[in-house]
Protein chains: 2
Amino acid sequence: MKEFIPLLNKTKLFSGAGDEDIASMLDCLGAAVRRYKKGEYVFRQGERARGLTLLAEGGLHIQKEDYWGNLSILNDIKPGEIFGEAYIVPDSGALLNDVVATEDSVVLSFDLDRILSVCPSACPFHTQLVKNLFYTVSARNRGLVRKLDYMSRRTTRDKLLSYLSDEAKRQKSASFAIPFNRQELADFLSVDRSAMSNELCKMRDEGILTFHKNEFTIRNGKTK
Amino acid sequence: MKEFIPLLNKTKLFSGAGDEDIASMLDCLGAAVRRYKKGEYVFRQGERARGLTLLAEGGLHIQKEDYWGNLSILNDIKPGEIFGEAYIVPDSGALLNDVVATEDSVVLSFDLDRILSVCPSACPFHTQLVKNLFYTVSARNRGLVRKLDYMSRRTTRDKLLSYLSDEAKRQKSASFAIPFNRQELADFLSVDRSAMSNELCKMRDEGILTFHKNEFTIRNGKTK
DNA sequence: TCGATTTCGTTGTAAATACAACAGACCTTT
DNA sequence: AAAGGTCTGTTGTATTTACAACGAAATCGA
């Protein structure tokens with residue numbers, strides 16, 4: 001378990017913690033390691049969350065598939081990020097989404113009940129952990145609002161531009177990679193893949209942007 | 001200020017607090033009262049949040065208007081609910097949305113800095129407050145995910161059905177009122193008002209639902 | 001290296017949506 | 001009661017999108 005300390009040191013959840021803090025938290029919170037092959041489900045819609053979970057290695061998609069097979073991708077999770085954090089409170093109900101490994105992944109899970117209950121003697125960092133958790137949930141909240149902003153655009157082009165320009169701003173570069181292939185991007189923005197592909201090529205021909213696979217470059221300071 | 005204690009007693013934020021707890025919190029957190037006429041802005045996009053805010057009376061919409069005048073309604077706030085809670089953490093950046101009073105409203109605001117910093121001696125309830133705050137942000141988080149679920153539907157009909165059936169489930173009744181008129185509902189679901197009105201009437205003619213103004217009834221246990 | 005699979009772009013058609021314009025119902029105010 | 005305004009439903013048209021099908025390119029695995 002100690003092999004994860006260097007990683008955890010860089011996460012927002014353990015921000016401000018020393019190695020010895022993290023070691024005692026891993027123990028106090030009953031951390032467990034799970035490994036998933038690409039394509040395997042970490043959680044399924046309708047389940048109860050089993051605790052706070054953190055991605056150590058690999059990649060995940062938070063997504064949902066309806067009865068007709070339509071896939072909708074809510075979010076992309078990268079190493080060091082937590083997920084399912086909105087379900088660690090009582091009465092949060094069943095999970096609304098599936099969580100799927102997009103590559104071979106390692107997941108750490110922490111005991112549900114011990115996180116929000118105080119154990120001041122054993123874990124001096126516990127207070128800070130709750131605060132960090134709050135920061136993280138707030139950040140997720142703002143991220144969801146940004147996604148709603150993309151989705152509220154009426155046309156595929158506007159959805160694409162708002163997402164891509166936001167991503168450029170977030171990565172502080174006009175050139176950036178996105179964590180989706182074309183089909184996944186379409187499922188993320190809830191549009192048709194072929195229509196989206198068409199629109200991307202039109203924008204490329206108009207000189208608005210260039211791309212190669214999942215690498216995009218926005219031209220002319222188009223940041224709206 | 002004490003006139004708000006009965007209201008605050010019923011809010012999730014002060015859940016578990018006694019009257020004396022609330023009174024000392026109001027003092028400790030530097031609560032201030034602001035009043036807004038219908039149509040006035042409580043916050044504007046791009047501002048920095050001034051603190052944690054709670055709606056005491058009236059109604060608010062969290063919304064956004066783009067350069068072309070297209071309105072997008074993110075959320076509806078009712079008395080007892082807090083808003084802007086995702087911005088009380090450091091480095092949260094500027095507000096992404098406007099907050100507008102949909103009727104004459106009374107808003108309580110609490111001091112930003114004192115909420116997450118511990119003041120154990122003065123406020124025995126402070127620890128519980130942070131926990132309640134965390135619960136509330138988590139609940140908001142899940143609400144945003146639900147909204148993303150409506151918005152990810154491809155057709156106006158599916159957007160309407162997912163929203164209305166979800167609202168029926170939430171209000172635990174096949175008959176329920178929504179906090180929007182037609183134009184606002186369209187701006188909430190990001191669809192055209194006339195097309196939406198058309199679709200509503202078609203569904204009524206097909207026997208899927210009935211409505212009168214903002215009162216809807218879903219028939220035949222249609223809850224998908 | 002070769003074959004199989006996945007990804008991506010392209011096209012055509014049917015369906016759904018946005019937009020504009022308008023009429024009637026309803027509400028408020030005087 | 002009348003006038004003015006708002007809200008809602010309706011219709012027609014232009015635009016946009018979804019859907020299906022296919023070929024080429026890239027990727028993967030043996």
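1. Start with DNA strand D. The surface near this strand draws at least two residues from each of three helices: α7 of chain A, and α6 (182–189) and α7 of chain B. The largest share comes from α7(B), with five residues. This is a predicted model, so please read what follows as a description of a prediction.

2. Who sits around strand D? There are 16 residues around DNA strand D, and the nearest are A:T155, A:D192, B:N181, B:R182 and B:S194. Both chains are thus named in that short list. Sorted by class, the surface near DNA strand D holds eight polar, four charged and four nonpolar residues.

3. Now DNA strand C. Again 16 residues lie around the strand, and A:N181, A:R182, A:S194, B:T155 and B:D192 come nearest. The elements giving two or more residues to this surface are α6 (182–189) and α7 (193–205) of chain A, along with α7 (193–205) of chain B. Here α7(A) gives the most, with five residues. The classes near DNA strand C are four nonpolar, eight polar and four charged.

4. How are the two chains related? Chain A superposes on chain B by a rotation of 180°, with 0.0 Å of shift along the axis and an RMSD of 0.0 Å. The copies are therefore related as by a two-fold rotation axis. Both use the same surface, since 100% of the contact residues of chain A recur in chain B.

5. The chain contact deserves its own point. Chain A puts in 25 residues and chain B puts in 25 residues. On the side of chain A that touches chain B, the elements that give two or more residues are β4 (71–77) and α4 (126–151) of chain A. Of these, α4(A) gives the most, with 15 residues. By class, this side of chain A divides into 13 nonpolar, six polar and six charged residues.

6. Check the geometry of α7 in each chain. In chain A, α7(A) has 13 residues and reaches 18 Å from its first C-alpha to its last, close to the 18 Å expected at 1.5 Å a residue. In chain B, the 13 residues of α7(B) should span 18 Å at 1.5 Å a residue, and the end C-alpha atoms are 18 Å apart, so the two values agree. A glycine comes after each helix. A:G207 follows α7(A) with a positive phi, near 80°. B:G207 comes just after α7(B), with a positive phi of about 80°.

7. Turn to the sheet of chain B, where β3(B) has three listed partners. Strand β3 (residues 51–65) of chain B runs antiparallel to strand β6 (residues 98–111) of chain B, and 11 bridges join them. Strand β4 (residues 71–77) of chain B also pairs with β3(B) in the antiparallel sense, over six bridges. Strand β5 (residues 82–83) of chain B is antiparallel to β3(B) too, through two bridges.

8. Some registers to check in a viewer. B:Q63 has B:D98 as its bridge partner in β6(B). B:Q63 also stands opposite B:I73 in β4(B). B:T53 stands opposite B:F83 in β5(B). The hairpin of β3(B) and β4(B) has five residues between the strands, and B:G69 takes a positive phi near 90° there.

9. Last, confidence. Chain A has a mean pLDDT of 90, and 93% of its residues reach 70 or more. Where in chain A is confidence lowest, and where highest? The lowest is helix α3 (residues 112–116) of chain A, at a mean of 68, and the highest is α6(A), at 97. Where pLDDT is low, the predicted coordinates should not be read in detail.

Notes:
Residues numbered from 1 in each chain as written. Chains lettered and ligands numbered in written order. Predicted model: local features only at pLDDT ≥ 70, side-chain atom pairs only at ≥ 80, totals over all residues. Near = placed C-beta within 6 Å. Helix = DSSP H or I, 4+ residues; strand = E, 2+ residues; numbered from the N terminus. Nonpolar A, V, L, I, M, F, W, Y, C, P; charged D, E, K, R; others polar. Pairing = 2+ DSSP bridges. Least-squares fit on C-alpha atoms with pLDDT ≥ 70 in both. Contact = placed C-beta atoms within 7 Å. Expected span 1.5 Å × (residues − 1). pLDDT = per-residue confidence, 0-100.
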